[in-house]
Amino acid sequence: MTRIILTRHGETLWNLEGRVQGAKDSPLTERGIHQARVLGQRLKSEGISTIISSDLSRAIATAQEIRKILELPEVLISSELREISFGEWEGQAWRELRQTDPERFVLWDQGPHQVKIPGGESMSSVTERSWNFLLSLPVKYPGQTLCLVTHGMTLQLLIKKALGLSLEDWTNVPWQYNTAVNILDLSNDGKVNPILIADYRHLEIVKINETED
């Protein structure tokens, strides 16, 4: 079995401002950097041999903080792990979009998979590209433990697939907080064993530190 530790990037400026990121980018906040470092400390005992990041800078910055703590030589980059493109929504505030694009948000609230924003990607295509990449890893890294740094929606879609949930099911998939930890064991024949899903216990340390400051 190959163990895959999947996580979301740390908090970004646009996360804080409530803006749609998608394939566009914004930098990690100080809190986001701290989240990444705390996550790195949590992962020190996991025996991680390789870190693979989405090609977007917020994921790379998170992966680099983890890499430094784990004392690994490099971060590998994969575009297959990048966030879904939200097309013309990107850079806009979610609260404002609800006013300017109300018809799409009716569908979004019923089930986000029904919405393909102009210029964006479908959730089915994002699931396919990221899942196929995941399934290729046990062949390339047999018996190893990998850390993959990706994004909120891409991560939710991957975990749905790992849990055997349909694209339409938004009830039984947990929210992925920044730097949440997901652990999957994958075999060469495509079998997936979920070990841990959307765990964010390490973020309690961040809250404690912020209170003390």
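Is Thr29 buried or exposed? Select Thr29 to begin the tour of this predicted model. Because its relative accessibility is 13%, under the 20% limit, Thr29 counts as buried.

**Stop 1: Thr29 and its surroundings**

Keep Thr29 selected and display the backbone around it. The residue sits in the loop that connects α1 (13-17) with α2 (30-42). Next, add Gly32 to the selection: its backbone nitrogen lies 2.9 Å from a polar atom of the Thr29 side chain. Then show Glu11, Thr12, Leu13 and Leu16, which Thr29 touches when residues up to four places away in sequence are not counted.

**Stop 2: the nonpolar cores**

Select Ile4, Leu6, Ile52, Leu134, Leu137 and Leu148. Within the largest nonpolar core, which has 18 residues, these six touch the most other members. To see which elements contribute, colour β1 (2-8), α6 (123-140), β4 (145-150), α7 and β5; each supplies at least two residues of this core. In general terms, nonpolar side chains tend to be buried together in soluble globular proteins.

Centre the view on Leu137. Apart from its neighbours within four places in sequence, Leu137 is in contact with Ile4, Ile52, Leu146 and Leu148. A second core, separate from this one, comprises 15 residues; Ile51, Ile66, Leu72 and Ile183 are among them and may be selected next.

**Stop 3: the loop between α7 and β5**

Move to the loop between α7 (152-163) and β5 (181-186), and select Trp175, which lies there. Add Tyr177 and Tyr200 and switch to a surface representation: together with Trp175 they make a nonpolar surface patch of about 330 Å².

Thr179 is found in the loop between α7 and β5 as well. What is the relative accessible area of Thr179? The value is 0%, and Thr179 is therefore buried. Inspect its backbone torsions too: phi of Thr179 is near 65°, a positive value in a residue other than glycine.

**Stop 4: Ala198 in β6**

Finally, select Ala198, which belongs to strand β6 (residues 192-199). Its phi is positive, at about 55°, although Ala198 is not a glycine. As background, most residues other than glycine have a negative phi. With a relative accessibility of 8%, Ala198 counts as buried.

Terms used
Residues numbered from 1 in each chain as written. Predicted model: local features only at pLDDT ≥ 70, side-chain atom pairs only at ≥ 80, totals over all residues. Heavy atoms only, no water. Helix = DSSP H or I, 4+ residues; strand = E, 2+ residues; numbered from the N terminus. Buried < 20%, exposed > 50% of the residue type's maximum accessible area, 1.4 Å probe, protein only. Polar contact = N/O pair within 3.5 Å; in protein donor to acceptor, adjacent residues only side chain to side chain. Contact = heavy atoms within 4.5 Å. Patch = residues over 30% accessible without salt bridge, like charges linked within 9 Å, V, L, I, M, F, W, Y side chains within 5 Å. Areas by Shrake-Rupley, 256 points an atom, 1.4 Å probe, with all protein chains shown as cover. Salt bridge = Lys/Arg side-chain N within 4 Å of Asp/Glu carboxyl O. Core = buried A, V, L, I, M, F, W, Y, C linked by side-chain atoms within 4.5 Å.
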